[in-house]
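Thanks for coming. I will take the pockets and the salt bridges in this one, and I will begin with a term that we need for both the picture and the reasoning.

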Amino acid sequence: MSSANTPSKVTKRGDKPTRRAFDRDQALAAALREFWTHGYDTTSIASLTEAMGIRPPSLYAAFGDKRQLFEEAVELYAHTYGAAPPHGSDARSAIAAMLQHLAANYTDPSHPPGCLIISAATNCGPGSQDIKAKLRAMREEAKAAIASCIRGDIDAGRLPAATDADGLAAFYAAVIQGMNQQACDGVDRKTLQRIADAAMAAWPAAPPPATTSATGRRAGRPGQP
């Protein structure tokens, strides 16, 4: 994404054309805040151009249309504010760290509260179902990453073999969506941190350690020799 100025409008002064320009990156950041605050459908071209400091023809010339501008705003959000997939030495610590990060991020006063990916398409009408589907797919991808992380712990023996990885991932995805709504309702970081702590209290207990059988062999998990 270039930070070079983008032509806004060409006018003539006498016989010499003059070119007014705007910073495209700054304009995109302003659009992101509008979509983040008001959602896709509710955000109008008028409110976008006012926030971006440009006129409608300049918006269309630089970004195409509202839908294309939103797609660029989502990409910018994902690269700057979006949570990374859970990672760590084990799934429990990785997911706990992710929830604590989101508690801080969702309540950061330097930007709108909550998560654009969760909230921006909440009230999309029939003409914006593709936007809604795009954001849903991004949330499903994030949920799948959580499930994959949990399966890693199951395979490593840190969670019982019967653990429902998809169900547990859906639970934590629901917690994240709830934290988003709480942040939009104005709760503070400490409240979201308490929610995160309560959610981690639901983490399944580790399986019992393997025991030594009468033959002197260590018994493995069920189904293993």
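Buried means under 20% relative accessible area, exposed means over 50%, and partly exposed is what lies in between. Keep in mind that this is a predicted model.

Take Asp-130 as the test case. Its relative accessible area is 42%, so Asp-130 is partly exposed. Its salt-bridge partner is Arg-67, and the closest N and O atoms of the two are 2.8 Å apart. Which helices does this pair tie together? Arg-67 lies in helix α4 and Asp-130 in helix α7, so the bridge ties together parts that are 63 residues apart in sequence. Arg-67 is also partly exposed, at 25%.

How many salt bridges are there by the rule used here? The count comes to 5. I will show two further ones.

One is between Asp-166 and Arg-151, with 2.5 Å from N to O. This pair also links distant parts of the chain, with Asp-166 in helix α8 and Arg-151 in helix α7, 15 residues apart. Both ends fall in the middle class: Asp-166 is partly exposed at 45% relative accessibility, and Arg-151 is partly exposed at 36%.

The other is between Arg-158 and Asp-153, whose side chains meet at 2.9 Å, N to O. Are the two ends buried or partly exposed? Arg-158 has a relative accessible area of 38%, so Arg-158 is partly exposed. Asp-153 has 3%, which is under the 20% limit, so Asp-153 is buried.

Now the pockets. The largest pocket has a volume of about 650 Å³. Several helices contribute to its wall: α4, α5, α6, α7 and α8 each give two or more residues to the lining. Which element gives the largest share? That is α7, with 9 residues. We have met this helix already, since α7 holds Asp-130 and Arg-151.

In total, 28 residues line the largest pocket, and those nearest its centre are Ala-83, Ile-117, Met-138, Arg-139 and Ala-142. What is the lining made of? It divides into 20 nonpolar, 3 polar and 5 charged residues.

The second largest pocket has a volume of about 220 Å³. It is lined by 16 residues, and the closest to its centre are Trp-36, Thr-37, His-38, Gly-39 and Ser-119. Here the largest share comes from helix α1, residues 24–38, which gives 3 residues. The lining of this second pocket divides into 8 nonpolar, 7 polar and 1 charged. Set that beside the largest pocket, with its 20 nonpolar, 3 polar and 5 charged residues.

One last residue, Thr-43. Where is it found? Thr-43 sits in the loop between α1 and α2, and α2 covers residues 45–52. Is Thr-43 buried or exposed? Its relative accessible area is 1%, which is under 20%, so Thr-43 is buried. Leaving out residues up to four places away in sequence, Thr-43 touches Glu-34, Phe-35, His-38, Leu-48 and Lys-66. Of these, His-38 has come up before, among the residues closest to the centre of the second largest pocket.

To go back over the main points: the salt bridge between Arg-67 and Asp-130 ties helix α4 to helix α7, α7 gives the largest share of the lining of the largest pocket, and Thr-43 is a buried residue in a loop. That is the end of my part.

Conventions. Residues numbered from 1 in each chain as written. Predicted model: local features only at pLDDT ≥ 70, side-chain atom pairs only at ≥ 80, totals over all residues. Heavy atoms only, no water. 1 Å grid on protein atoms, 1.4 Å probe; cavity = no way out; pocket = protein on both sides within 12 Å on 5 of 7 lines; lining within 4 Å. Points joined across faces, edges and corners; volume = space filled by probe spheres on them. Helix = DSSP H or I, 4+ residues; strand = E, 2+ residues; numbered from the N terminus. Nonpolar A, V, L, I, M, F, W, Y, C, P; charged D, E, K, R; others polar. Salt bridge = Lys/Arg side-chain N within 4 Å of Asp/Glu carboxyl O. Buried < 20%, exposed > 50% of the residue type's maximum accessible area, 1.4 Å probe, protein only. Contact = heavy atoms within 4.5 Å.
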